[in-house]
Amino acid sequence: MQGMSERQYAAHVGLSRGAIQKAKAAGRLILHDDGSIDAEASDRLRAETTDPSKTRKPPAPKLKPVPEAAVSAVGDTLKEQGLAAPTTGGGTTFLQAKTAHEVLKAQERRIRLAKLKGELVDRDRATALVFRLAREERDAWVNWPARVAALMAAELGTETAAMQKVLEAHVRAHLEELAQPRIAL
């Protein structure tokens, strides 16, 4: 009858070859006549004679819980790309998470490339520029009645101060109307 070698039996039980050699020397293994190890009989003998408190158990894998926000972000990313998203409460597979990660990296690279090409602008810089231009336009309108009141008064044959007051009132009313909140873009 053919049994297992020390190396094969070590792989079978998950121990080192040295541990199997020590067990063989101590007589804790059943051997065939040819010196090979009888796996079934040796397993039974080891189970009967081994103190369970002295055996090393492999450590349980330490899995960190995945936040629900991360799972939903993976699902959203996969849905945007037309791929199958994880079911609610079913968790995310490694393949789904890896796919979502690769998709996000590709999107990030696409955005970086668009910035380098000048197709995208910095939001804060654009906001500051629009604000500055709007302020300049407002100031131009506020100063406009003082500049044209004399010309209009001469054309209409009225007094300059009265014309300026009327123009200022209408310009300010119009600017107040423009300053009212509107739907944000």
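# Reading an all-helix predicted model

User: Where does Thr93 sit among the elements of the chain, and is Thr93 buried or exposed?

Analyst: In this predicted model, Thr93 has its place in the loop between helix 4 (68-80) and helix 5. With a relative accessible area of 43%, Thr93 is classed as partly exposed, because that class covers values between 20% and 50%. Although Thr93 and Val71 are 22 residues apart along the chain, their C-alpha atoms are separated by 9.9 Å.

User: How should I read the secondary structure as a whole, and how many helices and strands does the chain have?

Analyst: The chain has 7 helices and 0 strands, and from the N terminus on the order of elements is α-α-α-α-α-α-α.

User: What does the radius of gyration say about the overall form of the chain?

Analyst: The value is read against what a compact globule of 185 residues would have, which is near 16 Å, whereas the chain has 41 Å. Taken along the principal axes, the box filled by the C-alpha atoms is roughly 135 × 35 × 30 Å. One pair gives a sense of these distances: Glu159 and Ser72, which are 87 residues apart in sequence, lie 70 Å apart in space, C-alpha to C-alpha. Glu159 itself lies in the loop between helix 6 (123-156) and helix 7 (160-179), and it is exposed, with a relative accessible area of 55%.

User: How much of the chain is buried, and what supplies the area that the chain exposes?

Analyst: Buried residues make up 17% of the 185 residues, while the chain exposes about 15200 Å², of which carbon and sulfur atoms supply 58%. As for contacts between residues at least 6 apart in sequence, 32% of them join residues at least 24 apart.

User: Which residues form the largest nonpolar core?

Analyst: As a general idea, nonpolar side chains in soluble globular proteins tend to be buried together. Here the largest nonpolar core has 7 residues, namely Tyr9, Ala10, Ile20, Ala23, Leu29, Ile37 and Ala39, and helix 1 (6-13) and helix 2 (17-25) each supply at least two residues of this core. Ala10, when neighbours within four places in sequence are left aside, is in contact with Leu15, Ser16, Arg17 and Ile20. There is also a second, separate core of 5 residues, among them Val148, Ala153, Met163 and Leu167.

User: Why does Gln107 count as buried, and which residues does Gln107 touch?

Analyst: Gln107, found in helix 5 (residues 94-117), counts as buried because its relative accessibility is 19% and the class requires a value under 20%. Not counting residues up to four places away in sequence, Gln107 touches Glu80 and Gln81.

User: How many charged side chains are there, and how far apart do the centres of the two sets lie?

Analyst: The chain has 29 positive and 24 negative side chains, and the centres of these two sets lie 7 Å apart.

How values were computed:
Residues are numbered from 1 along each chain as its sequence is written. This is a predicted model: local features need pLDDT of at least 70, side-chain atom pairs count only at pLDDT 80 or more; totals for chains, interfaces and linings use all residues. Side-chain values use heavy atoms; hydrogens and water are left out. Helices (H or I, at least four residues) and strands (E, at least two) are DSSP runs, numbered from the N terminus. The radius of gyration is taken over C-alpha atoms; the globule rule is 2.2 Å times the number of residues to the power 0.38. Buried means under 20% relative accessible area, exposed over 50%, partly exposed in between (1.4 Å probe, protein chains only). Contact means heavy atoms within 4.5 Å. Accessible areas come from the Shrake-Rupley method with a 1.4 Å probe; for residues, only the protein chains shown count as cover. Lys and Arg count as positive and Asp and Glu as negative; His and the chain ends are not counted. The place of a charge is taken as NZ of Lys, CZ of Arg, CG of Asp or CD of Glu. A nonpolar core is a set of buried Ala, Val, Leu, Ile, Met, Phe, Trp, Tyr and Cys residues joined through side-chain atoms within 4.5 Å.
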